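Colleague: I should like to understand the terms used for this model before I rely on them. May we take them one at a time, with the model in view?

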Amino acid sequence: MTAATRDLAELELPELERLLQDEGYEAFHARQLYRWIHRHALIDVAQMTNLPRALRARLDAGFSVASLRIVNDQVSVDGTRKLVLELVDGRRIESVFIPDTPAQTFCVSTQVGCAMSCGFCLTGKMGLVRNLTAGEIVGQVRTLALATGLLDQPFNIVLMGMGEPLHNYENTMKALRMLHAEQGLAVSPRRETLSTVGIVPGLERLSREPLMPNLAISLHATTDEQRTALVPPNVKYPLAAILDACRRFPLKKRSRITFEYVMLNGVNDAPDDARRLAQLLAGIKSKVNLIPLNPAPGIPYARPSDARVDRFAQILADRHLTVSVRKSRGRDIRAACGQLIVEGGVKKSAAQQMALLLR
Ligand code: SAH
């Protein structure tokens, strides 16, 4: 894509309608165009055969459809597949396909790197390079769906790749609207999960959105002291503020907030931690997802034994909480939670960026 061309895959349907109307074409052509791009993952305008020839020529001359280039494609022994995708500026991100029955899941990134600096996460070590555009977020889903042959099948989307979605609010929400559009992939919000460290103003904004994804909160600790050590944004948005926002969050019928809890051996996985966690979540429609750490070089924590994880889970279950233990998928290809990292391109250290963010 050259600087002079505009990316059609970056536009929501109403924007596309306006664009075509400005060019003297009727709005229904925008819907056809949107369908080609988003439902059929077609990037070559010349092949969009139901568009008038003159419109195709016009689009071909002044616009383009940006695609994400697959630069690496690895499949784990458990079937998890990780794509390294190159963006138009040469930056790279990772997106993961997690096969399961009956649901298939795409795990997508919202930023190149991440500014949150969580102590157990490799992406956090990269620092933030830049936000992804809405087109790049949606593009990952299209690329994964095309690569896995699932373009016309239902799938789940989790915003659990690189980045903090509420730190890139506008683009993330625009991407979700584009994914919902009936002319596109028509993804149901019930099939989407946004995972966040808990940026409270972002949670409040999210609670007013007309279309809402499922919400997952990366909690990971039960005291502010410990959480601040593991998840630095906790300084600004401490546990009580996050849990308050969760209590106020308008949940759909039968839906619950997921609380993710990375288990670090000997750090946050004692029976007392489990008891405190149960107390904190009292009165919130919740489920707890325990994630035994995926260890990595440079991460100063270890994964607890299965027995410790089971004991922790049992304490929560005894207190009538719904608990699941996340299966670790794709660890052999570094596609598991917290293992997404693409080397290079970092300007400031993660710690410097975090300091800027919290000023
Ligand atoms: N920034 C958002 C989205 C990323 S989600 C968030 O933090 O929620 C990635 C999930 O994987 C989070 O719950 C995160 O805490 C977890 N995670 C990060 N590093 C991990 C690791 N090394 N092992 C297991 N889970 C990890």
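Colleague: Which exposed residues does the face of α9 turned away from its buried side carry?

Modeller: That face carries Ala240 and Arg248. Exposed means over 50% relative accessible area, buried under 20% and partly exposed in between, with a 1.4 Å probe and protein chains only. The model is a predicted one, in which local features need pLDDT of at least 70 and side-chain atom pairs count only at pLDDT 80 or more, while totals for chains, interfaces and linings use all residues. Residues are numbered from 1 along each chain as its sequence is written, and side-chain values use heavy atoms, with hydrogens and water left out.

Colleague: Which residues of α9 are buried, and how do you know that they line one face of the helix?

Modeller: Leu239, Ile242, Leu243, Ala245 and Cys246 are the buried residues of α9. Seen down the helix axis, they fall within an arc of 155°, and therefore they line one face of α9. The arc is taken over the directions from the helix axis to the C-beta atoms. Helices and strands here are DSSP runs, numbered from the N terminus: H or I of at least four residues for a helix, E of at least two for a strand.

Colleague: What do the buried residues of α9 pack against?

Modeller: They pack against α7 (200-206), β11 (214-218), α8, β12 and α10. Contact here means heavy atoms within 4.5 Å.

Colleague: Which residues of α10 are buried, and what makes them line one face?

Modeller: In α10, residues 271-280, the buried residues are Pro271, Asp273, Ala274, Leu277 and Ala278. Their arc, seen down the axis of α10, is 155°, so these residues line one face of the helix. Among the elements that cover them are α8 (224-230), β12 (257-263), β13 (286-292) and α11 (306-318).

Colleague: Why is Phe249 called buried?

Modeller: The relative accessible area of Phe249 is 7%. The cut-off is under 20%, so a residue with that value counts as buried. Phe249 lies in the loop between α9 (239-248) and β12. Leaving aside neighbours within four places in sequence, Phe249 is in contact with Leu203, Leu206, Ser207, Met212, Leu215 and Ile257.

Colleague: Why does Thr258 count as buried?

Modeller: Thr258 has a relative accessible area of 16%, which is under the cut-off, and therefore Thr258 is buried. Thr258 lies in strand β12. Its contacts, without neighbours within four places in sequence, are Leu215, Ala216, Ile217, Lys287 and Asn289.

Colleague: How do you know that the side chain of Tyr169 makes a polar contact with Leu206?

Modeller: A polar contact is a pair of N or O atoms within 3.5 Å; within protein, one must be able to donate a hydrogen and the other to accept it, and residues adjacent in sequence count only if both atoms are side-chain atoms. The side chain of Tyr169 reaches the backbone nitrogen of Leu206 at 3.2 Å. A polar atom of the Tyr169 side chain also lies 3.4 Å from the backbone oxygen of Arg205. Tyr169 belongs to helix α6, residues 169-180, and is buried at 7% relative accessibility.

Colleague: What is said of phi in Ser117 and in His220?

Modeller: Phi is near 60° in Ser117 and near 70° in His220; each value is positive in a residue other than glycine. Most residues other than glycine have a negative phi. Ser117 lies in the loop between β7 (111-113) and α4 (122-126). His220 is in the loop between β11 and α8 and is buried, with a relative accessible area of 4%.

Colleague: How many residues surround the ligand?

Modeller: There are 19, and the closest are Phe120, Ser195, Ser218, His220 and Asn294. To be counted, a residue must have a heavy atom within 4 Å of the ligand.

Colleague: Which polar side-chain contact does His220 make with the ligand?

Modeller: A polar side-chain atom of His220 lies 2.6 Å from an oxygen atom of the ligand. A backbone N or O atom of Phe120 lies 2.8 Å from a ligand nitrogen atom, and a polar backbone atom of Thr196 is 3.3 Å from a ligand oxygen atom. The elements that give two or more residues to the shell are β10 (192-196) and β12.
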